[in-house]
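Today I looked up charged side chains that pair with each other. My notes follow the model below.

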Amino acid sequence: MADSLAPMAPSDRHTSTLTAHDDLAPAVRKFRLTVQEGPAKGIAWESRGAQCSIGSQAGNDLVLSDPTVSRFHSEITVEDGRARVRDLASKNGTLVDGVAIVDAYLRPDATLRLGSSLLRFELGEARNTVPISERTSFGRMVGASTAMRAAFARLERAAASDATVLLDGETGTGKGEAAESIHLESRRKSGPFVVLDCGAIPENLLETELFGHEKGAFTGATQRRVGVFEEADAGTVFLDEVGELPAALQPKLLRVLETRTLRRVGGSEPIKTDVRIVAATNRDLRAEVNAGRFRADLY
């Protein structure tokens, strides 16, 4: 799935008076990674934001062509002037200064070992500016804090395109409001917004809910039924808890994403669909990919 955005906590969805400090775009310290050992030796990467995802699969910020590095191996985040690294349930683990970690802060000149690759981490004093929106509301979301306006800036970019969006975050952090707001601010706002909770529907019924079925497709199918992709034609489908999608249905969803066509259960003819897909999950899908529970080409 394309752009991945983290929603905001409900406690930050408020309107407040802006101060001079609030008008300042947030800035985070720059950092640099240099590969010192391994197949990608010599590669250097410099941050332009607050995060860096590292792994062997395309789509990471730093891609390491190393068979001992997991598809999504680890992630570095800089916040409040400090850097922290988190292992994404990788196969061979992440070592910081020779010590295996799950989640740890980094020294300004730390070393990281991912499989057979050794990386040098350097935290600088220069800063990257994080774009913020001039608005204090976006769709159904309201907030004047710097953190909310930085989030609105990312959501605005997502709404301006038809790219598939993944919203990740814990339950209760506003993923549903963010998804509907993207729809309301997009060119598809006059079309339907259809919600499907992938975790709330039994597996044997989920395929029909997604793709529909033909009359006689199975016992009890007394008439044709359209699924959410046909129902949302010219609009947006919001797939909540997409991380719960069974393995057998993941390639069928991938086909819709790639070809914008589907087949109803019991049908043989491909049906074109014109929808924008926004998905959400409270799972770390990168760790799910590493564990083999979620398709790498669907993430």
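I started with R188, which counts as buried because its relative accessibility is 4% and the cut-off for buried is under 20%. The model is predicted, so I treat this as a computed value.

I then looked for the partner of R188. It is D162, and the two form a salt bridge with the closest N and O atoms 3.0 Å apart. D162 sits in the loop between α1 and β15 (165–168), while R188 sits in the loop between α2 (175–184) and β16 (193–197). The pair links distant parts of the chain, 26 residues apart. Unlike buried R188, D162 counts as partly exposed at 29%.

Next I checked E209 and R225. Their salt bridge has its closest N and O atoms 2.9 Å apart. E209 belongs to helix α3 (residues 203–211) and R225 to the loop between α3 and α4 (228–231), so the pair ties together parts 16 residues apart in sequence. I noted E209 as partly exposed at 22% and R225 as partly exposed at 37%.

My third pair was E156 and R135, whose side chains meet in a salt bridge at 4.0 Å, N to O. Helix α1 (residues 146–159) holds E156, and R135 is in the loop between β12 (117–129) and β13 (137–138), so this pair ties together parts 21 residues apart in sequence. E156 is partly exposed at 25%, and R135 is partly exposed at 32%.

Last, I asked how many salt bridges the structure holds. The count is 27. I also found R32, E46, R120 and E122 linked in a network of salt bridges.

How values were computed
Residues numbered from 1 in each chain as written. Predicted model: local features only at pLDDT ≥ 70, side-chain atom pairs only at ≥ 80, totals over all residues. Heavy atoms only, no water. Helix = DSSP H or I, 4+ residues; strand = E, 2+ residues; numbered from the N terminus. Buried < 20%, exposed > 50% of the residue type's maximum accessible area, 1.4 Å probe, protein only.
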